[in-house]
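The exercises below are meant for a reader who is meeting this structure for the first time. Please look over the sequence and the structure, and then work through each task before turning to its solution.

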Amino acid sequence: MMNWNSFSSFATRFLHLAWALSYLLLVMPSALCTTYNRTSSLVAYQFLDAFTWQTIADPVHGRVNYVNYPTAQQDSLVSVHGDRVVLRADSTTTLDPTGPGRNSFRLVSNERYTTHVAIFDIAHMPQGCGTWPAISEIDDTSSTAGGKIDIIEGVNDQTPNLSSLHTSANCTMPDSRMMTGEAQGDDCSSGSGCGVDIDDPASYGPPFNTMGGGWYAVERTATYISIFFWKRNDASVPRQVSHPGRTVDPSTWGIPAAYFPNIDCDFSTHFSPHHIMISLTFCGDWAGSNATYSASGCPSTCVDFVNQNPSAFSGAYFEFNRLSIYQ
């Protein structure tokens, strides 16, 4: 018969094991089958109809002038080629230093999303000194009060891509997580958020474009947020991603590039329903900071370069093949 001391020791070991298993389930991407149903397959004008063009002052203080859809059409900053959609910045105008910034785009989806999967099939992303492109998920206020998910973000052609969360206070990530990327910070409420460098130089900028682009996907749930990346020639890209159908199951896609569990971050209070945002600004708080811009090897100062060199932005455009959304 087991005595009390033996039973107590067994119970303690059992509780420790149960806690360890629970922790592992939280820091590892879900292995449970989770099937999502397609709610949108956006190409061509369907893609454009799903978004609103914002003409607000740039929240990150860039040398940019966000234009509306009619202006973008008039100035050939938006175009449709078959199913493909191109969004570009102005590359012909030398700017008056005292006037508005370079014309560009900031699109925000009409729909808002909580639990969902979004797959971005991208042939080209903006490149060039001074550029700061982003594909993010944001709340109605465009602030971090309702959380922000940066799927694609970078500056001045500096690789790799940085995927991040930005939140209000009391949201941190564990030091060790099951992902292929490298954590660049654990405090999601800090100025730079809790970012993850994607483990592939071809995840951003000119190397991404040289490869013919690739696929980014985000899965948001109540307990974790995962971001995936595959470049165009990656033999491991799931067929559900390269040839999206009516359903997807991200648990079959392998280890994510970036993984954010809710161990020390209450997602229910830190993340509101989100819009998808696609934007391109110039300079601003990150791309234009003296330390960042000079370290990139770009010439002059960021603002002077953006003002005086319009042809340098002929490659400052997104080209989307498709955006597929599942809920």
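## Exercise 1: The disulfides

Once the bonded cysteines of the protein chain are numbered in sequence order, they pair as 1-7, 2-5, 3-4 and 6-8. The model used throughout these exercises is a predicted one.

**Task.** State how many disulfides there are, and describe the links of Cys 171 with Cys 265, of Cys 188 with Cys 194 and of Cys 283 with Cys 302.

**Solution.**

Step 1. A pair of cysteine sulfur atoms is accepted as a disulfide when the two lie within 2.5 Å, and by this rule the count comes to four disulfides.

Step 2. The sulfur atoms of Cys 171 and Cys 265 are 2.0 Å apart, and the link, with -95 degrees about the S-S bond, is left-handed. Cys 171 sits in the loop between strand E11 (162-166) and strand E12 (182-183), while Cys 265 sits in the loop between strand E17 (258-261) and helix H6 (267-270), so this disulfide ties together parts that are 94 residues apart in sequence. Both of these cysteines, Cys 171 and Cys 265, are buried.

Step 3. In the disulfide of Cys 188 and Cys 194 the sulfur atoms are 2.0 Å apart, and here the link is right-handed, with 90 degrees about the S-S bond. Cys 188 and Cys 194 are both buried.

Step 4. For Cys 283 and Cys 302 the distance between the sulfur atoms is 2.1 Å, and the link is left-handed, with -100 degrees about the S-S bond. Cys 283 belongs to the loop between strand E18 (275-282) and helix H7 (284-287), whereas Cys 302 belongs to helix H9 (residues 302-308), so the pair ties together parts that are 19 residues apart in sequence.

Step 5. Buried means under 20% relative accessible area. Cys 283 has 1% relative accessibility and therefore counts as buried, and Cys 302 is buried because its relative accessible area is 3%.

## Exercise 2: Following the strands

**Task.** Starting from strand E4, trace how it is joined to E5, how E5 is joined to E19, and how E1 pairs with E19 and with E16.

**Solution.**

Step 1. The protein chain has nine helices and 19 strands. Strand E4 (residues 78-81) and strand E5 (residues 84-88) run antiparallel and are joined by four bridges, with Val 80 having Val 85 in E5 as its bridge partner. The hairpin of E4 and E5 has two residues between the strands, and in this hairpin Gly 82 takes a positive phi near 65 degrees.

Step 2. From E5 the path continues to strand E19 (residues 317-326), which is joined to E5 by four bridges in an antiparallel arrangement. Here Arg 88 has Tyr 317 in E19 as its bridge partner.

Step 3. E19 also pairs with E1, in the antiparallel sense and over four bridges, and Leu 42 stands opposite Leu 323 in E19. E1 pairs in addition with strand E16 (residues 247-248), again in the antiparallel sense but over two bridges, and Tyr 36 stands opposite Val 248 in E16.

## Exercise 3: Arg 38 and its surroundings

**Task.** Decide whether Arg 38 is buried, partly exposed or exposed, and find which residues it contacts beyond its neighbours within four places in sequence.

**Solution.**

Step 1. Arg 38 lies in strand E1 (residues 36-42). Its relative accessibility is 34%, and therefore it counts as partly exposed.

Step 2. Once the neighbours within four places in sequence are set aside, Arg 38 is in contact with Pro 244, Gly 245, Arg 246, Ile 325 and Tyr 326. The side chain of Arg 38 reaches the backbone oxygen of Gly 245 at 3.2 Å.

Step 3. Arg 38 and Ser 324 are 286 residues apart in sequence, yet their C-alpha atoms are 7.2 Å apart in space.

## Exercise 4: The nonpolar cores

**Task.** Identify which residues touch the most other members of the largest nonpolar core.

**Solution.**

Step 1. The largest nonpolar core has 66 residues, and of these Leu 87 and Phe 120 touch the most other members.

Step 2. Apart from this core lies another one, of 12 residues, which includes Tyr 36, Phe 228, Val 241 and Val 248.

Step 3. Beyond its neighbours within four places in sequence, Leu 87 has contacts that include Leu 48, Trp 53, Phe 105, Ile 278 and Phe 320.

How values were computed. Residues are numbered from 1 along each chain as its sequence is written. This is a predicted model: local features need pLDDT of at least 70, side-chain atom pairs count only at pLDDT 80 or more; totals for chains, interfaces and linings use all residues. Side-chain values use heavy atoms; hydrogens and water are left out. A nonpolar core is a set of buried Ala, Val, Leu, Ile, Met, Phe, Trp, Tyr and Cys residues joined through side-chain atoms within 4.5 Å. Buried means under 20% relative accessible area, exposed over 50%, partly exposed in between (1.4 Å probe, protein chains only). Contact means heavy atoms within 4.5 Å. A polar contact is a pair of N or O atoms within 3.5 Å; within protein, one must be able to donate a hydrogen and the other to accept it, and residues adjacent in sequence count only if both atoms are side-chain atoms. Two strands pair if DSSP finds at least two bridges between them.
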